[in-house]
Amino acid sequence: MCDRLRLFNFTQRDDPVAYLWVLRAMNVLRAVHQLQVHPDDVANALKELATEHDEVPSAADLNLRGMLDNLSSDDEQVLYRVEDPLRCGNLAAYRNRQSVYQFTEIGYRVYRAVEEVIGSRVQDANLSRLVFADILTDFKALAAANREGDRDEMYRKLARLDSVLEDMTQRAARFYLTLNDVARTTDVSPETFLRYKHALLAHMSEFTAELERYAPRLAEAVYEVEDTGVETLLERAAAVDERPMMRPSARLEDWRRRWIGLRQWFLADGPVETKAAHLQGATRTAISGVIALLRQVTESRRGGVSRTTQLRHLAAWAAAAPDEQAANALVSAAFDLRSVRHLSGAHDDDDQISPRTTWWDAPGVEVSISLFRHGKRPAPGGPQPVRTRPGAHARLREQQLADRAADREAAKDLLDHGPHDRVLNEAETRAVLKLLTRALQVANGRRGPAALRNRQQRRPDAAPGPERARQPAADRDRHAAPARLRPGDRAPWCDAPTPNGEVLMPTHRVAASVETADLGSYQQAARLMLLHGVVTESYPRAKALALVLQWADDLAKDFRDLFGYSLQTSARHARLLRRLDAFDAGQAFLTVKSKRPFDRRRLAYLCLILACLHRSRIEINLADLVKLLTPSANAIEHLGFDATAPGHKDAVVDVMDWLVDRGALRISDGSMEDWARDHDRGDALFDIDHDTCAALFRPNKPLQHLVSATGLLDTPTAGTGRDPRRRFAAQRARRLLIEYPVVYFSDTDAETATALRQPTLAEDIARLTGLPVERRAEGIMLVDTTGHFTDKRFPGRGGAVNRTAGLILAKIADLREDPDRASNLHYLLPTAPEEEHADLLSRIDMALPQAGTLEALAHDPHADAGEHAAEAEADPDAPEHEGQTGLPFVEDGTLEQMITELYEEFGPSSFTNKWQADPGGLLTEAVALLADLRLVHIVPGGILVRPAAGRYRNITAVLPRPAHDGQFALDFPTEESSR
């Protein structure tokens, strides 16, 4: 009771009238749906009120900010003070931004109570409902009264309309204030929002529907009133007005102002929209906000967690990980952001190589000298010009004339004698093949219907009806369609003919509705989504999002059918949600500039910064962001943030660069480098794209519900039969092929290996991506012929590590193919993939924060896996699973000898300044790259050479001869290298 009475304290201050006029000014702004106002807005409103009321105090004589602060103090709380939510655009404006003020719901009730006491009117108590039908009836009655000259009725209808629309404004403004209070207090008390959610949505939906239905009819009614004479109407209303203290001219001006206000509700003057349209737009926006808020609150209550708490939980988990690989594998799985990795170098005639051939028995791929040594793909170039060689001109012209004469003679012989029952010469065969090619082009749809119609109009032999019948029989026979296109015939690669005899092309399961001419564009969009996982307006490049959105429906269907993925798109981003089969130690978040993997500090900062941005408005400066980050980071053991500590500010800058690169943030002013050099003077201002921030972090399960990271993996469906399991195995096989550089049959289970061997799998992936699939006896791989469908290119553009890895493979190939040295190689069994994955999973799980896990809602994936394993039926048709085979073991000493030979052969300067004095470090990086590409397997004491390494043994053919001076040996001319 005392707290409520304290709200009226402003009436007991030294100048209560001034406070009342300040609140009246805020009420004027509230009437035009300006909920949050600056002191300058209040001053301008006071100036407008002063033109109508002499007693309005001058804004210059008032301390408006102090008065507004008093009204928003804890003692009164008539107003609510917040920081300005509008975008500043620059640091100076951001630092000098002012607080904005708005009515609290109870404060607005206090103001209205004071106003109703001071300026109460009798007629206001009679109109309390917002009924559009009554407004329409009153407008029509007003028009009729004006035509009939009934002054009393006109006065009553005008007063009623003015009061009803004023009540509409008051109710709408009160509703928006209440909605704003509910949204503001949802984080503290979600029960308040959930208690009123149905009433809010129902009220807004019904209000919008009614307003949309009546707005055109109300506009027509206003026009009807105006047709009866507005000036006559206002003069009659002013004459009946019984306010004796006002002069007739003042009463007329007052009614003219009221009519303008009524008219602006339903009729627009110029480009300014009507008040009804403005109110309808504001209501629709409020509906969207309520639905979004409802989804957020509902998800939070259902899961017991929120997006912010999940990110903080993940930050603590990543910071406590025992190594960088485990941390990156965890965060990439939790974010559901992973890249694909594929090898380059394709055979020109891979179809001629049997899938049963091993990689070492099959020919090695040819590696371009310029690609391997310079990191540039060779261009075929155009033919040499011959314009300066008249002899060549003459020979070409003679050959062209001879070919044309032979073609004409062959065509004449075919017309005279036909192609049947005789042996065709070379020219006649060439002419027949040309005709067949053109017929095939027509059948394949390469020419549209319009082209066929035009050709039929030009050719009398193709004319239908009598004209066709009047042609000579010989001509009809000569111009008959080729046998392959006649009704009733069927080529082995075609579907059955249609009833009218047309032959249709075979249908495809992938990109079924994509035209052949558009297939390249579709495949590029598919590669973009599979490689990046998220595509925004600026990432990975401009216009990429437009390309993906063009094929969104087809991509969503194919991703769902082939992989079980889900593609979600909006006007500002596209997001691919994957199904995770296993954690990948090779996945990593990379810095934008140096392309180095994030360490645990950067991964934790990324999670905490996203959590801070989730609680921010549309923009934030780096200094304020760090203030929010510091307590969260300090709450995590062994993490923290200290601007004076080495590496802490660099980690923040790398994370911000990563977010800016993906379009989640945009720098509008300042510089992060200036802040990193001096955080007291430098600063940067960012615009926040909350939709993109939400798209980046998409865990498939609430993280606080997990007792093990296994819960993030795809769980097999319980109780599935043989056919569904085969379908799931086929999807799993496609996911392996599309995500990993090489898939070895021995590394998978029997069902997945069977699916990988199916020809349809290779056909579907090749049509989806436009890339060839290479099948060998040991496994299968998708070959990246573009050089862009991978996060690590090999062989291709890269520094010394990439080229050294290729040279190491060449040395290993020499060792394996040398009969004397190959006999000394030992063959060892690699560690089973299940054991390696279990080791990685145990390292991730040992860092799981116990404090943030909700035991009551915890999900135990091990129990589910046991149930599914017990319910799964054995497939009697599945082949026996292939066991691991021995792989050549190359000792560390042999690898060190190889790198030493390379340094002696090419000179240290050929391996860049970074590595010329560190051959051991270069060897370690090169071997790690080969392991990530699944070409070797690192074991204690050396490496095991995996089968796919054999396809790159031809790199030895492009090794240049040693330089005499040992300088830049890898840059020898092509002629010198090829001798």
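**Close-up views of a predicted model**

The count of disulfides in this structure comes to zero. The structure is a predicted model, and the views below cover its cysteines, two helix pairs and two sheets.

**View 1. Two buried cysteines, Cys607 and Cys693.** The cut-off for a buried residue is under 20% relative accessible area. Cysteine 607 has a relative accessible area of 0% and is therefore buried. Cysteine 693, at 4%, is buried as well. With a disulfide taken as a pair of cysteine sulfur atoms within 2.5 Å, the model has zero disulfides.

**View 2. The packing of helix 13 against helix 24.** Helix 13 spans residues 307-319 and helix 24 spans residues 600-614. Their axes lie 8 Å apart and make an angle of about 170°. The two helices are therefore roughly antiparallel, given that angles over 145 degrees count as such. On the helix 13 side, the contact is made by Arg307, Thr308, Leu311, Arg312, Leu314, Ala315, Ala318 and Ala319. Helix 24 contributes Arg600, Leu603, Ala604, Cys607, Leu608, Leu610, Ala611 and His614. Eleven residues of this contact are nonpolar, two are polar and three are charged. Cys607, one of the contact residues of helix 24, is the buried cysteine with 0% relative accessible area.

**View 3. The packing of helix 2 against helix 3.** Helix 2 (residues 16-31) meets helix 3 (residues 39-50) at an angle of about 95°, and the axes are 9 Å apart. Angles from 65 to 115 degrees count as roughly perpendicular, and this description therefore applies to helix 2 and helix 3. Trp21, Val22, Arg24, Ala25, Met26, Val28 and Leu29 of helix 2 touch Asp41, Val42, Ala45, Leu46 and Leu49 of helix 3. By residue class, the contact of helix 2 with helix 3 holds ten nonpolar residues, no polar ones and two charged ones.

**View 4. The open sheet of three strands and two helices packed on it.** The strand order is 6-8-7, with antiparallel pairing. Strand 6 (619-621) and strand 7 (665-670) are the edge strands, each pairing on one side only. On average, neighbouring strands of this sheet are turned by 25° against each other, direction ignored. Strand 7 is joined by five bridges to strand 8 (residues 684-688), and the two run antiparallel. Isoleucine 667 stands opposite phenylalanine 686 of strand 8. Helix 25 (residues 622-634) packs on the sheet and touches strand 6 and strand 8, with its direction at about 85° to that of strand 6. Helix 26 (residues 648-661) also packs on the sheet; this helix touches strand 7 and strand 8, and its direction makes about 115° with that of strand 7.

**View 5. The open sheet of four strands and helix 36.** Antiparallel pairing links the strands in the order 12-13-15-14. Strand 12 (826-828) and strand 14 (936-939) each have a single partner strand, so one side of each has no neighbour in the sheet. Neighbouring strands are turned against each other by 40° on average, direction ignored. Strand 13 (residues 887-891) runs antiparallel to strand 15 (residues 942-945), and three bridges join them. Glutamate 891 has glycine 942 of strand 15 as its bridge partner. Helix 36 (residues 892-906) lies across strand 13 and strand 15 and runs at about 65° to strand 13.

Key
Residues numbered from 1 in each chain as written. Predicted model: local features only at pLDDT ≥ 70, side-chain atom pairs only at ≥ 80, totals over all residues. Heavy atoms only, no water. Buried < 20%, exposed > 50% of the residue type's maximum accessible area, 1.4 Å probe, protein only. Axes fitted to C-alpha atoms, helices over the stretch in contact; angles between N-to-C directions. Parallel < 35°, antiparallel > 145°, perpendicular 65-115°, else oblique. Contact = heavy atoms within 4.5 Å. Nonpolar A, V, L, I, M, F, W, Y, C, P; charged D, E, K, R; others polar. Pairing = 2+ DSSP bridges.
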